[in-house]
Amino acid sequence: YPLAIVYGISMALIGLNVQHDANHGAASRKVWVNDLLGLGADFIGGSKWLWMEKHWTHHAYTNHKEQDPDGFAAEPLLLFNDYPANSPKRAFYHSYQAFYAIFVLAGYW
């Protein structure tokens, strides 16, 4: 059990820090090092190239309610966009998402 926790934390650190910075070209001054470290996504079940495509789209359209892939990826459980109160995208449980969001996001990756 303790090893599973260490493994999970390691995967999160690779996914959230190393490969993210490397794919932004910020982990090293050497391009080949960034390319190698960017493959960390592939070691945790993702894909460097798919991640880069999605992430670059996210940066191009940050918080755009129709084009930012991170803005609607968690729907319908979580709403990150500010839809009008009468929008069909809103449901009664969104009033409580502050309480359950962390659990949804924990399983998101």
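The bend at a residue is the angle between axes fitted to the seven residues ending there and the seven starting there. With that in hand, here are the legends for a predicted model.

**Figure 1. The whole chain is built from six helices and zero strands.** Let's start with the overall view of this predicted model. Reading from the N terminus, the elements run α-α-α-α-α-α. The C-alpha atoms occupy a box of roughly 50 × 40 × 15 Å along the principal axes. The radius of gyration is 17 Å, whereas a compact globule of 109 residues would come out near 13 Å. Of the 109 residues, 26% count as buried. The chain exposes about 8,000 Å², and carbon and sulfur atoms supply 66% of that area. Looking at contacts between residues at least 6 apart in sequence, 24% join residues at least 24 apart.

**Figure 2. Helix α1 bends by about 35° at I14.** This view follows α1, which covers residues 2–23 and has 22 residues. From its first C-alpha to its last, α1 reaches 30 Å, close to the 32 Å expected at 1.5 Å a residue. Past the end of α1 comes G25, whose phi is positive, near 80°.

**Figure 3. Four residues of α1, namely G15, Q19, A22 and N23, are buried.** Have a look at the spacing here: an α-helix has 3.6 residues a turn, so residues three or four places apart point the same way. Which helices are included in what covers the buried residues of α1? Among the covering elements are α2 (31–38), α3 (40–43) and α4 (48–60). The next three views visit a residue from each of these helices in turn.

**Figure 4. L37 in helix α2 meets α1.** Here you can pick out L37 in contact with V18, Q19, A22 and A27, once neighbours within four places in sequence are left aside. The C-alpha atoms of L37 and Q19 are separated by 5.7 Å, although the two residues are 18 apart along the chain. Is L37 buried, exposed or partly exposed? L37 counts as partly exposed because its relative accessible area is 33%, between the 20% and 50% cut-offs.

**Figure 5. A41, in helix α3, is a buried residue.** The relative accessible area of A41 is 1%, and buried means under 20%, so A41 belongs in that class. Not counting residues up to four places away in sequence, A41 touches Q19, G46, S47 and K48. Q19 of α1 is itself buried, and Q19 also appears among the contacts of L37. For a sense of scale, the C-alpha atoms of A41 and Y61 are separated by 22 Å, with their positions 20 residues apart along the chain.

**Figure 6. H55 sits in helix α4 and touches two other histidines, H20 and H24.** These contacts leave out residues up to four places away in sequence. H55 counts as buried because its relative accessibility is 12%, under the 20% limit.

**Figure 7. N63 is an exposed residue in the loop between α4 and α5 (69–72).** N63 has a relative accessible area of 65%, and exposed means over 50%, so N63 qualifies. Which residues does N63 contact, leaving aside its neighbours within four places in sequence? They are D68 and N81. The C-alpha atoms of N63 and A22 are 23 Å apart, and the two residues are 41 apart along the chain.

**Figure 8. D70, in helix α5, touches K54, H58 and F80.** This contact list does not count residues up to four places away in sequence. D70 is partly exposed, at 28% relative accessibility. From D70 to L105, the C-alpha distance is 12 Å across 35 residues of sequence.

**Figure 9. A search of the whole structure finds one aromatic pair.** The partners are F92 and Y93, with ring centres 5.5 Å apart and 85° between the planes. The pair is edge-to-face because its planes are over 60 degrees apart. How do the two residues compare in accessibility? F92 counts as exposed at 66% relative accessibility, while Y93 is partly exposed, with a relative accessible area of 27%.

Definitions and conventions: Residues are numbered from 1 along each chain as its sequence is written. This is a predicted model: local features need pLDDT of at least 70, side-chain atom pairs count only at pLDDT 80 or more; totals for chains, interfaces and linings use all residues. Side-chain values use heavy atoms; hydrogens and water are left out. The expected span of a helix is 1.5 Å times one less than its number of residues. Buried means under 20% relative accessible area, exposed over 50%, partly exposed in between (1.4 Å probe, protein chains only). Contact means heavy atoms within 4.5 Å. Rings of Phe, Tyr and Trp (its six-membered ring) pair if their centres lie within 6.5 Å; planes under 30 degrees apart count as stacked, over 60 as edge-to-face and the rest as tilted. The radius of gyration is taken over C-alpha atoms; the globule rule is 2.2 Å times the number of residues to the power 0.38. Accessible areas come from the Shrake-Rupley method with a 1.4 Å probe; for residues, only the protein chains shown count as cover.
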